Amino acid sequence: MARLKPSIYYYDVCRKNIRKFRTDKGLTQQQLADLSELSMHFISEIESTVKNKTFSIETVGRIADALQVPINELFKENKND
């Protein structure tokens with residue numbers, strides 16, 4: 001039977017992808033916050049690997065919509081990380 005990963009692992013995959021897509025699109029955290037109707041402080045906390053901020057699937061959906069990427073892209077593991 002496969003071992004389950006700790007819950008923070010899945011948040012980390014998502015937070016890294018959010019940052020990657022945001023920077024690839026040349027957006028600041030403030031611009032992403034404005035597009036997703038979230039605060040810049042919240043975007044900063046989501047992207048931070050230090051704070052380990054949790055967030056809802058609704059938040060992920062809003063960010064995916066703002067980044068114009070399918071939501072499942074934010075959950076894909078990058079084996080190079």
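## Packing around helix 4

Two residues are in contact when heavy atoms of one lie within 4.5 Å of heavy atoms of the other. In this predicted model, the buried residues of helix 4 pack in this sense against helix 1, helix 2 (29–36) and helix 3 (40–47). The buried residues of helix 4 are T59, V60, G61, I63, A64, A66 and L67. After the helix comes Q68, which has a positive phi, near 60°.

The spacing of such residues can be read against a general rule. An α-helix has 3.6 residues a turn, so residues three or four places apart point the same way.

## The nonpolar core

The largest nonpolar core has 18 residues, and the members that touch the most other members are I18, L32, I63, L67 and L74. Helix 1, helix 2, helix 3 and helix 4 are the elements that each give two or more residues to this core. The greatest contribution comes from helix 4, with five residues.

L32 serves as an example of the contacts made by one core member. When neighbours within four places in sequence are left aside, L32 is in contact with I18, R22, I43, E47, I63, A66 and L67. Among these partners, R22 and E47 appear again below, in the section on salt bridges.

## V13 and the segment after helix 4

V13 has its place in helix 1 (residues 7–24). Is this residue V13 buried or exposed? V13 is buried, because its relative accessible area is 12% and the limit for a buried residue is under 20%. Beyond residues up to four places away in sequence, V13 touches L74, F75, K76 and E77. One of these partners, L74, is 61 residues from V13 along the chain, yet the C-alpha atoms of the two are separated by 7.5 Å.

I71 is found in the segment after helix 4, and F75 has its place in that segment too. With residues up to four places away in sequence not counted, I71 touches I57, V60, G61 and A64. I71 and V60 are 11 residues apart in sequence, and their C-alpha atoms are 7.2 Å apart in space.

## A nonpolar patch on the surface

Which residues form a nonpolar patch on the surface? The patch consists of I57, I71 and F75, which together have about 280 Å² of accessible area. I71 is partly exposed, with a relative accessible area of 35%. F75 also counts as partly exposed, at 41% relative accessibility.

The residues of this patch also appear in the contacts described above. F75 is one of the residues touched by V13, and I57 is one of the residues touched by I71.

## Salt bridges

The count of salt bridges comes to seven. One of them joins D24 to K20, with the closest N and O atoms 2.8 Å apart. Both D24 and K20 lie in helix 1, four residues apart, which is about one turn of the helix. D24 counts as exposed, because its relative accessibility is 52% and the limit for an exposed residue is over 50%. K20, with a relative accessible area of 37%, is partly exposed.

A second example is the salt bridge between E47 and R22, in which the closest N and O atoms are 2.6 Å apart. Because E47 lies in helix 3 and R22 in helix 1, this pair ties together parts that are 25 residues apart in sequence. E47 is buried, with a relative accessible area of 4%, and R22 is buried as well, with a relative accessible area of 8%.

## A further bridge and a network

R62 forms a salt bridge with E37, and here the closest N and O atoms are 3.7 Å apart. R62 lies in helix 4 and E37 in the loop between helix 2 and helix 3, so the pair ties together parts that are 25 residues apart in sequence. R62 is partly exposed, with a relative accessible area of 30%, whereas E37 is exposed, with a relative accessible area of 64%. Some salt bridges share partners, and in this way R19, R22 and E47 are joined into one network.

Terms used. Residues are numbered from 1 along each chain as its sequence is written. This is a predicted model: local features need pLDDT of at least 70, side-chain atom pairs count only at pLDDT 80 or more; totals for chains, interfaces and linings use all residues. Side-chain values use heavy atoms; hydrogens and water are left out. Buried means under 20% relative accessible area, exposed over 50%, partly exposed in between (1.4 Å probe, protein chains only). Patches are made of residues with over 30% relative accessible area and no salt bridge: like charges are joined within 9 Å, nonpolar side chains (Val, Leu, Ile, Met, Phe, Trp, Tyr) within 5 Å. Accessible areas come from the Shrake-Rupley method with a 1.4 Å probe; for residues, only the protein chains shown count as cover. A salt bridge is a side-chain nitrogen of Lys or Arg within 4 Å of a carboxyl oxygen of Asp or Glu. A nonpolar core is a set of buried Ala, Val, Leu, Ile, Met, Phe, Trp, Tyr and Cys residues joined through side-chain atoms within 4.5 Å.
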